[in-house]
Amino acid sequence: MASVQLCGAAVGAAASVQATRVPTSAAIGIRPARRASHGLVVRAATVVAPKYTTVKPLADRVLLKTKSAELKTTGGILLPSTAQSKPQSGEVVAIGEGRIIGESKVEVSIQIGAQVVYSKYAGTEVELNDSNHLILKEDDIIGILETDDAKDMKPLSDRVLIKVAVAEDKTAGGLLLTDSVKEKPSIGTVVAVGPGHLDEQGKRIPLPVSAGSSVLYSKYAGAEFKGADGTNYIVLRVSDLMVVLS
């Protein structure tokens with residue numbers, strides 16, 4: 001994942017920053033000392049940043065302000081940077097104008113201000129106004145958070161939100177199982193479905209499953225979440241579903 005640092009004015013529909021020249025030492029990976037004035041630094045070998053006045057997502061890209069990583073465990077233990085859990089949620093602060101598919105223009109379906117969750121390793125990280133941001137494609141956004149509870153997530157594109165079945169605590173012979181040996185369930189109930197994927201003409205194709213369906217899905221697919229009550233949920237693409245159970 002590339003990493004870019006920006007320092008400047010606040011981000012609106014188009015994030016605007018003031019920039020100064022970066023010394024040629026940036027071309028060999030040496031970061032210059034921070035000055036009192038605003039600046040733009042690109043952390044990439046052999047790249048010298050030119051002077052920019054605006055930053056705006058293009059096509060179907062979205063700019064997010066990400067949440068800060070946890071600095072402590074729930075027990076209050078300080079975490080080193082290598083052990084801090086990476087945030088996967090943020091607020092949409094700017095969007096592109098959409099993309100052309102076939103003869104249709106498809107606009108970005110996410111609104112500025114929406115709280116979203118995204119794929120763990122997607123996008124390009126930037127630092128703007130001392131806050132962490134991420135530039136990524138709309139398809140890398142998993143869903144929209146309607147509330148703070150995962151059960152209310154609105155999946156996007158061809159994704160589905162599934163409530164995971166509870167793992168068995170005992171074997172068939174009655175032996176208790178520890179968490180480390182419990183078999184990971186791959187059965188669940190569909191809670192919500194996305195609007196569907198886009199065909200070659202830019203039209204949405206409805207998904208073949210609906211809320212309430214019991215499904216079997218690929219064992220290691222998707223992104224896992226925990227609800228406010230401790231219930232496990234998973235969001236995955238419909239192509240990771242294997243069968244509908246009845």
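**Entry 1: confidence**

I started with the pLDDT of this predicted model. The protein chain averages 77, and 65% of its residues score at least 70. Next I looked up which elements sit at the two ends of the scale. Strand S14, residues 159-164, has the highest mean pLDDT, at 95. The lowest mean belongs to strand S2, residues 15-16, at 44. I also checked the stretch covering residues 2-49, where the pLDDT is below 50. Beyond near neighbours in sequence, that stretch still has 105 contacts in the model.

**Entry 2: the loop between S4 and S5**

My next stop was the loop between strand S4 (54-55) and strand S5 (61-66), where I found Asp-60. Is Asp-60 buried or exposed? I got a relative accessible area of 10%. The cut-off for buried is under 20%, so Asp-60 counts as buried. Then I asked myself which residues Asp-60 is in contact with, leaving aside its neighbours within four places in sequence. My list reads Gly-98, Arg-99, Val-108, Leu-136, Lys-137 and Glu-138.

Ala-59 lies in this loop between S4 and S5 too. Ala-59 has a relative accessible area of 31%, so I put it down as partly exposed. What caught my eye was its backbone: Ala-59 isn't a glycine, yet its phi is positive, about 55°. I noted that because most residues other than glycine have a negative phi.

**Entry 3: another positive phi**

I then turned to Ser-157. This residue is found in the loop between strand S13 (153-155) and S14. Ser-157 isn't a glycine either, but it has a positive phi of about 55°. Where Ala-59 came out as partly exposed, Ser-157 counts as buried, because its relative accessibility is 14%. S14, on one side of this loop, is the strand I wrote down earlier for the highest mean pLDDT.

**Entry 4: a nonpolar patch**

Last, I went to the surface. Which residues form the nonpolar patch there? I noted down Ile-187, Met-242, Val-243 and Leu-245. Together they have about 330 Å² of accessible area. I wanted to know where the patch comes from in the chain. Strand S21, residues 241-245, gives the largest share, with three residues. Ile-187 is found in strand S15, which covers residues 187-193. I looked up how open Ile-187 is, and its relative accessibility is 38%, so it counts as partly exposed. To join a patch, a residue needs over 30% relative accessible area, and Ile-187 at 38% fits that.

Terms used: Residues are numbered from 1 along each chain as its sequence is written. This is a predicted model: local features need pLDDT of at least 70, side-chain atom pairs count only at pLDDT 80 or more; totals for chains, interfaces and linings use all residues. Side-chain values use heavy atoms; hydrogens and water are left out. Patches are made of residues with over 30% relative accessible area and no salt bridge: like charges are joined within 9 Å, nonpolar side chains (Val, Leu, Ile, Met, Phe, Trp, Tyr) within 5 Å. Accessible areas come from the Shrake-Rupley method with a 1.4 Å probe; for residues, only the protein chains shown count as cover. A salt bridge is a side-chain nitrogen of Lys or Arg within 4 Å of a carboxyl oxygen of Asp or Glu. Helices (H or I, at least four residues) and strands (E, at least two) are DSSP runs, numbered from the N terminus. Buried means under 20% relative accessible area, exposed over 50%, partly exposed in between (1.4 Å probe, protein chains only). Contact means heavy atoms within 4.5 Å. pLDDT is the predictor's confidence in each residue, from 0 to 100.
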